[in-house]
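Please look through the structure shown here and follow the report below, which moves from a single residue to a helix, a sheet and the nonpolar cores.

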Amino acid sequence: MLSQVCRSGFQPFSRRLLSWAQSTAVSRSCMYHRKLRSRVQPSGIRHVRSWSNIPFITVPLSRTHGKSFAHRSELKHAKRIVVKLGSAVVTRGDECGLALGRLASIVEQVSVLQNQGREMMLVTSGAVAFGKQRLRHEILLSQSVRQALHSGQNQLKEMAIPVLEARACAAAGQSGLMALYEAMFTQYSICAAQILVTNLDFHDEQKRRNLNGTLHELLRMNIVPIVNTNDAVVPPAEPNSDLQGVISVKDNDSLAARLAVEMKTDLLIVLSDVEGLFDSPPGSDDAKLIDTFYPGDQQSVTFGTKSRVGMGGMEAKVKAALWALQGGTSVVIANGTHPKVSGHVITDIVEGKKVGTFFSEVKPAGPTVEQQGEMARSGGRTLATLEPEQRAEIIHHLADLLTDQRDEILLANKKDLEEAEGRLAAPLLKRLSLSTSKLNSLAIGLRQIAASSQDSVGRVLRRTRIAKNLELEQVTVPIGVLLVIFESRPDCLPQVAALAIASGNGLLLKGGKEAAHSNRILHLLTQEALSIHGVKEAVQLVNTREEVEDLCRLDRMIDLIIPRGSSQLVRDIQKAAKGIPVMGHSEGICHMYVDSEASVDKVTRLVRDSKCEYPAACNALETLLIHRDLLRTPLFDQIIDMLRVEQVKIHAGPKFASYLTFSPSEVKSLRTEYGDLELCIEVVDSVQEAIDHIHKYGSSHTDVIVTENEKTAEFFLQHVDSACVFWNASSRFSDGYRFGLGAEVGISTSRIHARGPVGLEGLLTTKWLLRGQDHVVSDFSEHGSLKYLHENLPVPQRTTN
């Protein structure tokens, strides 16, 4: 048995490390020997090849140190970065040994950033834990030999491991820890170097200069310095021993901060076992993660206990972070142990994503997006308690403001158009543009919404008498807080705001930068209208630098995301949303089937309007299906001539191309949303084949049949499984305003909750109200005194003005 123990669990450490390194090399063979060199262009921009699973980025990395970054979005410009790995990050749960998986992931991320041309430094714990593991093995091995010689095998299980002194563990573990880092960094063709320091090294001027020079030389040679306190000789930390204006090196938090300032680094990333800084101890019921922390906010935070391992708690980290911030280094405290995020936490931070707590000296002029979410929640709940007439009055007032303040709105829109000229394509410029007629149409639509809002929130849908004096009601209520993200179209803002007001929902609006001036004035007018009943904060416009992906993570504040824009925007939001439902369509691939019995007079008119009236719209025609019998007929020739006059580029489907000697270019994909003056034409043999084609290649948005045969039309209407199915009508009618909904928040192709143009009804859900008199379930048991009645009761009709 002793020989087995020696061969398996206690083989020489170097051999075990080599074995691990070899297995790592195999699993990461795609990375092995791929050394990426950044190339500095004349412009000062570093261009880097893409590799690994980390997104390719090209950023200007040169900056003058002296002032920390004001916003997260600027972190992508960080050139010199210190990553501090806390004991809880590198140590296993049993505090004996290292978490190799997490370390390998961290090394990969640091290597990616190093190979992008950044200068990376590590401040790492772990020597004590690694040494404890090694010493325990040695003691266990020694004891097992003595026990085997004197007491027999049965005594092995009763062996006790003595308490190990930390400095001895550090001495035993430091070389092994460094060897492990060397093996890991070698997989990415990166060299690492170890530097051990103590508090005295920072107080002796000559030693400080030597340390500074060594670190700069290592960075110049593209080597990653790995810095740690020399725990084998360092004395225990004395309480309150910090010198005034100088932070001591009594733990790795203070070491990392001191190193970051000494080396004039741009960013310090402190990884721990919590998501960041909370306003109260993590795990408590009301604890909220602080996204951005500003100097002077310490009084708003209640600190908890320190980590299970390591010397410093969150209070020590905050103190170190604020000291580094004062020295001109930006700081982020984040979780380096969570299995779902630890594999990309460092690169996410450098890319400017909302991870952990960001320390900034620049307080924003307005509220944070988290505060806006809370205001929208509170304002929305107050809005829902207003009388229907009061909500209608707000919307009517907003409609009046759109016409009364027309000149100011158009002036702001003109600024947007001037700034967008040459940057946006013609269809997007058309979406961005406002006009007097557009504003008038908006006002008409808002008044329609106001009229329909009289019977929205609180409407009784069902009444049931459960038993005598026990009555149940199902009533309509708001969904909660909506996040609407829209591109280019400022007219979307008052439409969506009116629908949110009518349905009693709080609203967060995120518009495109290209419409900033227009959105700002339209939001001010919306808040002016809301103010007449004291609910100004129910509708919030997000003006901070939050990226869409970051907004999609606010699952505690947002109940529904509604994207309005390109199909790519919708897909990106659906991918980024974490735990928040998304209402929208990924594509608008709309079809029109021209039946063999179609009217010659109707076809060209319907095709022209569906394709050419507004080709960038999601309800524009993309594929024209023509019955085979219509080929080489005057009707077919009229369609082709009209499309040529309208300068529509035609793509031929496979079957259509086979019928022609000289055909247009064959379509690359039958599932294409062109969003421009382009159209696919395909041939089908019957209405059933048209339906099958739509189900295979369509997006369940809007599909049309043109025919004079009522039976064929009804068959099409009943069998096509799309949100909107039309007979002898343009696909462009698929719109909330044209449906009489006043406006829409978007068109949904999903099958849950809402489908098609989503107006007021689509922004409501329900709740159940039960009114009883001391009723208990046990009375309805087999031997109870009461029986269920389940009688349907009449629903009261609300009178509307």
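## Met642 and its surroundings

In this predicted model, Met642 has a relative accessibility of 6% and therefore counts as buried, the cut-off for that class being under 20%. Met642 belongs to helix H22, and, once its neighbours within four places in sequence are left aside, the residues in contact with Met642 are Thr604, Val607 and Arg608. Arg605 is 37 residues away from Met642 along the chain, yet the C-alpha atoms of the two are separated by 9.2 Å.

## Helix H21

Helix H21 comprises 13 residues, 600-612, and the distance from its first C-alpha to its last is 19 Å, which is close to the 18 Å expected at 1.5 Å a residue. Which residues of H21 are buried? They are Val603, Thr604, Leu606, Val607, Ser610, Lys611 and Cys612, a list in which Thr604 and Val607 appear and which thus takes in two of the contacts of Met642. As a general point, an α-helix has 3.6 residues a turn, so residues three or four places apart point the same way.

The cover over the buried residues of H21 includes helix H22 (634-645) together with strands E17 (590-594), E18 (621-627), E20 (678-684) and E21 (702-706).

## An open sheet of eight strands

Eight strands make up an open sheet with mixed pairing, in the order E5-E6-E4-E3-E7-E9-E10-E8. At its edges stand strand E5 (192-197) and strand E8 (292-293), and because each has a single partner strand, one side of each is left without a neighbour in the sheet.

Within this sheet, strand E3 (residues 80-85) and strand E4 (residues 119-124) run parallel and are joined by six bridges; Leu85 has Thr124 as its bridge partner in E4. Helix H6 (residues 166-186) lies across E3, E4, E5 and strand E6 (224-229), and its direction makes an angle of about 155 degrees with E5.

## Nonpolar cores

The largest nonpolar core has 50 residues, of which Leu383, Ile394, Ile395, Ile409, Leu507 and Leu509 touch the most other members. The element that gives the most to this core is helix H17 (residues 492-503), with nine residues. Apart from this core lies another, of 42 residues, which includes Ala127, Met184, Tyr188 and Leu271.

What is Ile394 in contact with, leaving aside its neighbours within four places in sequence? Its contacts are Leu383, Leu386, Ile501, Ala529, Leu530, Ile532, His533 and Val535.

Key. Residues numbered from 1 in each chain as written. Predicted model: local features only at pLDDT ≥ 70, side-chain atom pairs only at ≥ 80, totals over all residues. Heavy atoms only, no water. Helix = DSSP H or I, 4+ residues; strand = E, 2+ residues; numbered from the N terminus. Expected span 1.5 Å × (residues − 1). Buried < 20%, exposed > 50% of the residue type's maximum accessible area, 1.4 Å probe, protein only. Contact = heavy atoms within 4.5 Å. Core = buried A, V, L, I, M, F, W, Y, C linked by side-chain atoms within 4.5 Å. Pairing = 2+ DSSP bridges. Axes fitted to C-alpha atoms, helices over the stretch in contact; angles between N-to-C directions.
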